[in-house]
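Biologist: Hi! Could you walk me through this one? I'm new to it.

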Amino acid sequence: MSYYLRLEGQDFALVKVSAGIRMMDEATFAGRASGSRIMLCSDVENIDANYNTLTAKGVTFIKPPISQPWGWRTAYFADPEGNIWEFRQAIPAASP
């Protein structure tokens, strides 16, 4: 079960660890069995361009851009403090 709240253009989501594992992978959560678990998210206009720019600057991604079944293209990385970040870009709806 997940809970979402949209407030003044910002999305907040509470998801179970199992949902986070599906979004990224099990290895991402190794060693995080206790304590604070948080993922920050930022909407971007071109996720692939952002991924290429950050990769060129030495950022190692947990998961490169992938189109998700829930309508977003996402990529994940950890910042130097260990916080997990999701970059996301809406996938345009297919025309009928």
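Modeller: Happy to; we can talk about the sheet, the helix across it and the salt bridges, and keep in mind that this is a predicted model.

Biologist: Let's start with the sheet. What is the strand order?

Modeller: The order is S3-S6-S5-S4, in an open sheet of four strands with mixed pairing. S3 and S4 are the edge strands, each pairing on one side only. From one strand to the next, the twist averages 15 degrees.

Biologist: And how many bridges join S5 and S6?

Modeller: Seven bridges, with the two strands paired in the antiparallel sense. Among the partners, threonine 74 pairs with arginine 88 in S6, and tyrosine 76 has glutamate 86 of S6 as its bridge partner.

Biologist: What about S4 and S5, parallel or antiparallel?

Modeller: They run antiparallel, joined by four bridges. One of the facing pairs is serine 67 opposite arginine 73 in S5.

Biologist: What sits in the turns of the hairpins?

Modeller: The hairpin of S4 and S5 has four residues between the strands, and glycine 71 in that turn has a positive phi of about 95 degrees. In the hairpin of S5 and S6 there are five residues between the strands, with glycine 82 in the turn at a positive phi of about 95 degrees.

Biologist: Switching topic: which strands does H2 lie across?

Modeller: H2 lies across S4, S5 and S6, and runs at about 160 degrees to S4.

Biologist: Now the charges. How many salt bridges are there?

Modeller: The structure has two. One of them joins the side chains of aspartate 43 and arginine 88, at 2.3 Å from N to O. That pair links distant parts of the chain, since aspartate 43 is in strand S3 and arginine 88 is in strand S6, 45 residues apart.

Biologist: Is arginine 88 buried or exposed?

Modeller: Arginine 88 counts as buried because its relative accessibility is 12%, and the cut-off for buried is under 20%. Its partner aspartate 43 counts as partly exposed, at 46%.

Biologist: And which residue does aspartate 48 form a salt bridge with?

Modeller: With arginine 73; their closest N and O atoms are 3.0 Å apart. This pair also links distant parts of the chain: aspartate 48 belongs to helix H2 and arginine 73 to strand S5, 25 residues apart.

Biologist: Why do those two count as partly exposed?

Modeller: Because aspartate 48 has a relative accessible area of 30% and arginine 73 has one of 23%, and partly exposed covers the range between 20% and 50%.

Key:
Residues numbered from 1 in each chain as written. Predicted model: local features only at pLDDT ≥ 70, side-chain atom pairs only at ≥ 80, totals over all residues. Heavy atoms only, no water. Salt bridge = Lys/Arg side-chain N within 4 Å of Asp/Glu carboxyl O. Buried < 20%, exposed > 50% of the residue type's maximum accessible area, 1.4 Å probe, protein only. Pairing = 2+ DSSP bridges. Axes fitted to C-alpha atoms, helices over the stretch in contact; angles between N-to-C directions. Contact = heavy atoms within 4.5 Å.
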